[in-house]
Each structure stands twice: as C-alpha cells, then as structure tokens.
Amino acid sequence: MEFSDGGVRNMVGWNYFNYFTEIEEYFWKKRGAHLLVSPLDWAIMETWQKAGIPLEAVLKGIDRAFESYGRSRRGAGKPLKSLAYCTDAILDAVAESQEAAAGSTPKNGRAVAEPFSRDELRAYFAKNAAQIVKAEEKHGAAHPELADRFGEIARSVDAMLPLLEIPGTLNVEDLERRLTVLDEKMQAALTSHASEELMLRIRREVDSQLAMYRRKMKAEQIALVERQYTHKRLLEEFGLPRLSLYYFS
C-alpha cells in the first residue's frame, strides 16, 4: 500500500470535512492527554488526507497502533507521542477496507445534505481572504513579487462568493477543487520566494522530528510528510491560512 496524491475523493459527509479535527481528538483520547498535535503530526495527517485514506481506516489503525505499543517494551510507562507510529497499522486497515469493499454491493445513490451552511462558507472565505490581504500588506516591502501573488489569490477567493448564490444544491466538491488549486498556487509561490535560510531551518526541523520514525516509514511516505511539513511551516512563517474545506472549523 503506497501513498499517492489523490485529489478530491468522496467528500460528501461531515466527517470528511472535519478529517483533521476528528483524528486529532481521537488521538488525544487514546493518549489520555489533551496536548497540541505537533507540526509533524499535522503533516502526517495531510498525507493521509491527500492519499484519500478514509477517516474510519485512520481511527481503526490508531486503535491497533496503541494496542501494539501498549504490549511493547517501549510502551511501559511512556505515552505514544506521534501519529507516525500509527502509519503501518493505518495502511493495514486501508488494505482490509479495500478488500471488503471489493466484495460489497454498491449502495443506491441518495441526496446528501450540504455539509456547511452558505453563511458559514461566506464567513470562511471572507476570513481567509482578509488574512491573505494582511500578509500581502505585511510582506509587500520585503517580498513585492510574493505579495502580488497573495493579492491575486485573495481576489480569487473573493471571486468564489457568487458561486454560493447559485440556486439548487451547492457543488461542494467543485468548491474544494477550486480551493485546492489556490492552495497549490500559494505553496508554489512560497517555495519559490522563501529564503534559503528559512528553507534550511525548516528542513532541519523536519529531519530532527522524523529521525526516530524513518525506519517505520517508506521513502515515498517520508517525502510526502516532508513536503506537507514544509508547506505548513511556510504558511505559519508568512501568516497565511489553508484554504481547503478540510480546514474549515
């Protein structure tokens, strides 16, 4: 089982758009402590989301990982610290769900309620556009070309508002596609304009945090985590939001 960039997948249920919150809260519950999930853990969750791994498989894998860790010598008196430890168990759960789905009968299609109200989406788009404009103003002097890209993306977010006024069922998957394109444009702009010093500092961070988990993860998994971690840290450095509806809260 390998990770791959999967695009938009079956995003019609509430849980799919609360993917990160659900995993974060479940991990807190299993660990018995309401602690902040690390940037590394967020990057790992993003690789699972991009690979189209269902939430149910992630939660099942977390259960199994905690059971395995509890039986190991490492688990004696020490809490499981990172989601990276759960990767193998989650991939096993995915493989099992795929085998089960292959032998199941497709369900009849049903109309599904929109996962967000349109007022919520208007507020979400407005908040993100305002945050991008703030970053444009803050970094305009030092990074004029990058600030121009921020302005373009903010205007693209604003331009999505008329889509919320279209009568009938809202095409949430198409909104997500548009937001994903803007997220990717943001990532490309940040990567091309960030200083070598900043990129080196971020690379040292992720290398340090991944050191103890490298033997549990395949090369392609590590590469995806490194990429997602770098993206997240660049957004933090420049004060920018994630635009995808997966980050809606």
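A colleague questions a modeller about the helix packing in this predicted model.

Colleague: What is the overall make-up of the protein in helices and strands?
Modeller: The protein has 10 helices and zero strands. From the N terminus, the elements run α-α-α-α-α-α-α-α-α-α.

Colleague: How much of the protein is buried?
Modeller: Buried residues make up 43% of the 249 residues. Buried here means under 20% relative accessible area.

Colleague: What share of the contacts with a separation of 6 or more comes from residues 24 or more positions apart?
Modeller: Those residues account for 80% of such contacts.

Colleague: How confident is the predictor, on average?
Modeller: The average pLDDT is 82. In the protein, 83% of the residues score at least 70.

Colleague: Where is the pLDDT under 50?
Modeller: Residues 1-15 are one such stretch. For them the model has 42 contacts beyond four places in sequence. Residues 105-111 also have a pLDDT below 50. That stretch has zero contacts in the model beyond near neighbours in sequence. Where pLDDT is low, the predicted coordinates should not be read in detail.

Colleague: Now the helix pairs. Why are H6 and H7 called roughly antiparallel?
Modeller: Take the angle. H6 (residues 118-139) and H7 (residues 144-158) pack at about 165 degrees. The cut-off for roughly antiparallel is over 145. H6 and H7 are therefore roughly antiparallel to each other. Their axes are 8 Å apart, and the crossing is left-handed.

Colleague: Which residues make the contact of H6 with H7?
Modeller: From H6, they are Phe125, Ala129, Ile132, Val133, Ala135, Glu136 and His139. From H7, they are Pro144, Ala147, Phe150, Gly151, Ile153, Ala154, Val157 and Asp158. By class, that contact has 11 nonpolar, two polar and two charged residues.

Colleague: What makes Glu136 partly exposed?
Modeller: Glu136 sits in helix H6. Its relative accessible area is 23%. Buried needs under 20% and exposed needs over 50%. The value falls in between, so Glu136 is partly exposed.

Colleague: Which residues does Glu136 touch, leaving aside neighbours within four places in sequence?
Modeller: Glu136 is in contact with Ala147, Phe150 and Gly151. Another pairing concerns Phe238, which is 102 residues from Glu136 along the chain. The C-alpha atoms of Glu136 and Phe238 are separated by 9.2 Å.

Colleague: Why is Ala130 called partly exposed?
Modeller: Ala130 is also placed in H6. Its relative accessible area is 47%. Exposed would need over 50%, and buried under 20%. Ala130 meets neither cut-off, so partly exposed is the label. The C-alpha atoms of Ala130 and Ala154 are separated by 7.5 Å, with their positions 24 residues apart along the chain.

Colleague: How do you know that H8 and H10 are roughly perpendicular?
Modeller: The axes of H8 (residues 172-193) and H10 (residues 219-238) cross at roughly 80 degrees. Roughly perpendicular covers 65 to 115. H8 and H10 therefore earn that description. Their axes come within 10 Å.

Colleague: What residues form the contact of H8 with H10?
Modeller: H8 supplies Asp183, Met186, Gln187, Leu190 and Thr191. H10 supplies Arg227, His231, Leu234, Leu235 and Phe238. By class, there are five nonpolar, three polar and two charged residues.

Colleague: What makes H2 oblique to H3?
Modeller: The axes of H2 (residues 19-31) and H3 (residues 39-50) cross at roughly 130 degrees. Perpendicular stops at 115, and antiparallel needs over 145. The angle fits neither, so H2 is oblique to H3. Their axes come within 10 Å, and the crossing is right-handed.

Colleague: Which residues meet between H2 and H3?
Modeller: Tyr19, Phe20, Ile23, Glu24 and Phe27 in H2 meet Asp41, Trp42, Met45, Glu46, Trp48 and Gln49 in H3. They divide into seven nonpolar, one polar and three charged.

Notes. Residues are numbered from 1 along each chain as its sequence is written. This is a predicted model: local features need pLDDT of at least 70, side-chain atom pairs count only at pLDDT 80 or more; totals for chains, interfaces and linings use all residues. Side-chain values use heavy atoms; hydrogens and water are left out. Axes are lines fitted to C-alpha atoms, for helices over the stretch in contact, and angles run from 0 to 180 degrees between N-to-C directions. Helices (H or I, at least four residues) and strands (E, at least two) are DSSP runs, numbered from the N terminus. Angles under 35 degrees count as roughly parallel, over 145 as roughly antiparallel, 65 to 115 as roughly perpendicular and the rest as oblique. A crossing is left-handed if the near helix is turned anticlockwise from the far one by less than a right angle, and right-handed if clockwise. Contact means heavy atoms within 4.5 Å. Ala, Val, Leu, Ile, Met, Phe, Trp, Tyr, Cys and Pro count as nonpolar, Asp, Glu, Lys and Arg as charged, and the others, Gly among them, as polar. pLDDT is the predictor's confidence in each residue, from 0 to 100. Buried means under 20% relative accessible area, exposed over 50%, partly exposed in between (1.4 Å probe, protein chains only).
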